[in-house]
Amino acid sequence: MINTLADRMRGLASLFWREVAKFGAVGGVAFVIDNGLTYYLMHGPMSDSEAKARFVGATVATVFSWVANRFWTFRHRRQANVVREFVMFIVINGIGIGISTGLTAIAKYGMNIQDKNVLFAAGVVGILVATVVRFFAYRFLVFNKELDEEEAFSHDHEIIEAHHRAKAKAMHAAGTEAGSDEGEDAVKRR
């Protein structure tokens, strides 16, 4: 049973790292879309509005990211309710966009930085912070269909619960045995 549990844990870890790798690939492309568009807008049509340029770049990258994560990274975790999934995705990305746009706005308005390259870098730092938040939010809130529905992991709960029952039974048996030893000592003392 312990080997089976260990095999399942290794399987879950492998799945997790595959998801991280795919998420990273999608994120890399979204990063290029976001920053390429933002850079273009900051140095062109929106040169006087850096925070808005960051917002536009992030929004376009978000739409790409939802499609790629839905149909590739977390394809085995897609929710049946597409509208709910998309709304959750938008909310999570709104938080991420708020982080990256917010750092750009803080640098420009709070710290009075005017250099566009520094403002661009502030947004990149915001993206990196938001990426960690997004992965875990996507994994546990947006694309959260249970692994039980996946054939390779369909028995995980049974194995884990059986392991816990066996452990509890062993602890109870040890406690009962210790209790009977104390009872025998009490009888001997009388």
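Before anything else, one working term: when I say two residues are in contact, I mean they have heavy atoms within 4.5 Å of each other. Hi everyone, and one caution as we start: what you see on the screen is a predicted model.

Let's begin with Phe74, since that term is fresh. Which residues does Phe74 contact once its neighbours within four places in sequence are left aside? The answer is Glu19, Phe23, Asn69, Phe135, Tyr138, Arg139 and Phe143.

Phe74 also belongs to the largest nonpolar core, which has ten residues. Its companions there are Phe23, Trp66, Phe89, Ile92, Phe135, Ala137, Tyr138, Val142 and Phe143. Two helices, H3 (82–110) and H4 (116–142), each supply at least two residues of this core. The largest share comes from H4, with four residues. There is also a second, separate core of five residues, including Leu41, Met42, Ala53 and Phe120. As background, nonpolar side chains in soluble globular proteins tend to be buried together.

Now let's step back to the overall fold. The protein has five helices and zero strands, so to speak α-α-α-α-α when you read along the sequence. Of its 190 residues, 32% count as buried. And if you take the contacts between residues at least 6 apart in sequence, 74% of them join residues at least 24 apart.

On to how the helices pack. Two packed helices are described by the angle between their axes and the distance between the axes.

Let's take H2 and H3 as our opening pair. Helix H2 covers residues 50–73, and H2 packs against H3 at an angle of about 150°, with the axes 9 Å apart. Angles over 145 degrees count as roughly antiparallel, and H2 and H3 are therefore roughly antiparallel to each other. Their crossing is right-handed. If you want to find this contact on the screen, look on H2 for residues including Glu50, Phe55, Trp66 and Arg70, and on H3 for residues including Val82, Phe89, Asn93 and Lys108. By class, the residues of the H2 contact with H3 divide into nine nonpolar, eight polar and five charged.

Next, H3 and H4. How far apart are the axes of H3 and H4, and at what angle do the two helices pack? The axes are 8 Å apart and the angle is about 160°. H3 and H4 are therefore roughly antiparallel to each other as well, and the crossing of H3 and H4 is right-handed. The contact of H3 with H4 has 17 nonpolar, six polar and four charged residues.

One residue to pick out here is Gly126, which sits in helix H4. Is Gly126 buried or exposed? Its relative accessible area is 0%, so Gly126 is buried. Gly126 and Ser100 are 26 residues apart in sequence, yet their C-alpha atoms are 3.8 Å apart in space. Leaving aside neighbours within four places in sequence, Gly126 is in contact with Ile99, Ser100 and Leu103.

The last pair is H2 and H4. The axes of H2 and H4 come within 12 Å and cross at roughly 30°. That makes H2 roughly parallel to H4. H2 passes H4 in a right-handed crossing. On the H2 side the contact is made by Glu50, Arg54, Ser65 and Asn69, and on the H4 side by Lys116, Leu119, Phe120, Gly123, Val124, Ile127 and Tyr138. Those residues divide into five nonpolar, three polar and three charged.

Two more residues before I hand over. Thr38 lies in helix H1, which spans residues 2–42. With a relative accessible area of 0%, Thr38 is buried. Not counting residues up to four places away in sequence, Thr38 touches Ala53, Arg54, Gly57 and Phe120. Two of those names should ring a bell, since Ala53 and Phe120 are among the residues of the second core.

Finally, where is Asn112 located? Asn112 is in the loop between H3 and H4. Asn112 has a relative accessible area of 58%, so this residue is exposed. The phi angle of Asn112 is near 60°, a positive value in a residue other than glycine.

That's my tour, and thanks for listening!

Note on methods: Residues are numbered from 1 along each chain as its sequence is written. This is a predicted model: local features need pLDDT of at least 70, side-chain atom pairs count only at pLDDT 80 or more; totals for chains, interfaces and linings use all residues. Side-chain values use heavy atoms; hydrogens and water are left out. A nonpolar core is a set of buried Ala, Val, Leu, Ile, Met, Phe, Trp, Tyr and Cys residues joined through side-chain atoms within 4.5 Å. Buried means under 20% relative accessible area, exposed over 50%, partly exposed in between (1.4 Å probe, protein chains only). Axes are lines fitted to C-alpha atoms, for helices over the stretch in contact, and angles run from 0 to 180 degrees between N-to-C directions. Angles under 35 degrees count as roughly parallel, over 145 as roughly antiparallel, 65 to 115 as roughly perpendicular and the rest as oblique. A crossing is left-handed if the near helix is turned anticlockwise from the far one by less than a right angle, and right-handed if clockwise. Ala, Val, Leu, Ile, Met, Phe, Trp, Tyr, Cys and Pro count as nonpolar, Asp, Glu, Lys and Arg as charged, and the others, Gly among them, as polar.
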